[in-house]
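Okay, thanks for squeezing me in before coffee. I'll put the thing up on the screen and then talk you through a few places in it.

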Amino acid sequence: MDTSQQFDFDAWAELAKSDPAAFERQRIDAIEEFLQQVPLERRQRLRCLQWRIDHTRERAANPMSACLRISQMMWDSLLGNGGLLEALERLRRPCAPAVPPPRAKVLDFRQHGKD
């Protein structure tokens with residue numbers, strides 16, 4: 001599937017019903033085609049994400065369970081620790097003045113006369 005074309009959900013759904021193996025091949029080809037268009041510095045991270053999605057699908061009892069698990073992954077990446085919402089909030093906050101590191105007196109524990 002050319003990713004520049006409109007996604008045809010009905011065609012993909014029909015293919016999944018009529019020929020699951022062909023559907024899977026085309027799914028993998030479409031993902032690979034998309035990844036080839038992504039800048040190289042982002043590609044590995046997206047491959048890792050796709051690996052995680054694929055394994056979530058494999059471990060799920062059925063397609064609906066897989067869908068719910070992947071949906072939860074998306075919500076976690078949006079709202080969870082270090083997620084998109086947190087990153088956007090950091091950008092909104094004005095930069096706080098740099099706080100100097102704490103200072104402490106360093107004690108000399110060397111024994112006198114034994115240098």
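**A walk through the model**

Let's start at one residue: apart from its neighbours within four places in sequence, threonine 56 is in contact with Arg69, Ile70 and Met73. And yes, before anyone shouts from the back, this is a predicted model.

So where does threonine 56 sit? It belongs to helix α3, the one covering residues 40-59. Buried or exposed, then? Threonine 56 comes out at 6% relative accessibility, and since anything under 20% counts as buried, threonine 56 is buried. Have a look at its side chain as well: a polar atom there lies 2.8 Å from the backbone oxygen of arginine 52.

Let me zoom out for a second. The chain has 5 helices and 0 strands, so if you read from the N terminus you just get α-α-α-α-α. There are 115 residues in the chain, and 17% of them count as buried. If you take the contacts between residues at least 6 apart in sequence, 23% of those join residues at least 24 apart.

Okay, pockets. The largest pocket has a volume of about 760 Å³. Which elements give two or more residues to its lining? Those are α1 (9-18), α2 (20-37), α3 and α4 (63-79). Of these, α2 gives the most, with 6 residues. In total 24 residues line this largest pocket, and the ones nearest its centre are Phe23, Arg27, Ile31, Ile53 and Arg57. By type, the lining of the largest pocket splits into 19 nonpolar, 3 polar and 2 charged residues.

Now the second largest pocket, which holds about 540 Å³ of space. For this one, the elements giving two or more residues to the lining are α3 and α4. The lining is made of 16 residues, with Arg45, Leu49, Arg52, Met73 and Ser77 nearest the centre. You've met two of those names already: Arg52 offers the backbone oxygen that lies 2.8 Å from the threonine 56 side chain, and Met73 is one of the residues in contact with threonine 56. How does the lining of the second largest pocket divide up? You get 8 nonpolar, 4 polar and 4 charged residues.

Last stop, the aromatics. The count is 2 aromatic pairs. In one pair, phenylalanine 7 and tryptophan 12 have ring centres 6.0 Å apart and planes at 20 degrees, so that pair is stacked. Phenylalanine 7 is partly exposed, with a relative accessible area of 46%, whereas tryptophan 12 is buried, at 11%.

In the other pair, tryptophan 12 meets phenylalanine 23: their ring centres are 5.5 Å apart and the planes sit at 85 degrees, so this pair is edge-to-face. It also links distant parts of the chain, since tryptophan 12 is in helix α1 and phenylalanine 23 in helix α2, 11 residues apart. Both tryptophan 12 and phenylalanine 23 are buried.

Put the pairs together and Phe7, Trp12 and Phe23 form one aromatic cluster. And keep your eye on Phe23, because it ties two parts of this talk together: Phe23 is also among the residues nearest the centre of the largest pocket.

That's my tour. Happy to spin it around if anybody wants another view.

Note on methods:
Residues are numbered from 1 along each chain as its sequence is written. This is a predicted model: local features need pLDDT of at least 70, side-chain atom pairs count only at pLDDT 80 or more; totals for chains, interfaces and linings use all residues. Side-chain values use heavy atoms; hydrogens and water are left out. Helices (H or I, at least four residues) and strands (E, at least two) are DSSP runs, numbered from the N terminus. Buried means under 20% relative accessible area, exposed over 50%, partly exposed in between (1.4 Å probe, protein chains only). A polar contact is a pair of N or O atoms within 3.5 Å; within protein, one must be able to donate a hydrogen and the other to accept it, and residues adjacent in sequence count only if both atoms are side-chain atoms. Contact means heavy atoms within 4.5 Å. On a 1 Å grid over the protein atoms alone, a cavity is a set of points where a 1.4 Å probe fits but cannot get out, and a pocket is an open set with protein on both sides within 12 Å along at least five of seven lines; lining residues have an atom within 4 Å of a point. Grid points are joined across faces, edges and corners, and a volume is the space filled by probe spheres set on the points. Ala, Val, Leu, Ile, Met, Phe, Trp, Tyr, Cys and Pro count as nonpolar, Asp, Glu, Lys and Arg as charged, and the others, Gly among them, as polar. Rings of Phe, Tyr and Trp (its six-membered ring) pair if their centres lie within 6.5 Å; planes under 30 degrees apart count as stacked, over 60 as edge-to-face and the rest as tilted.
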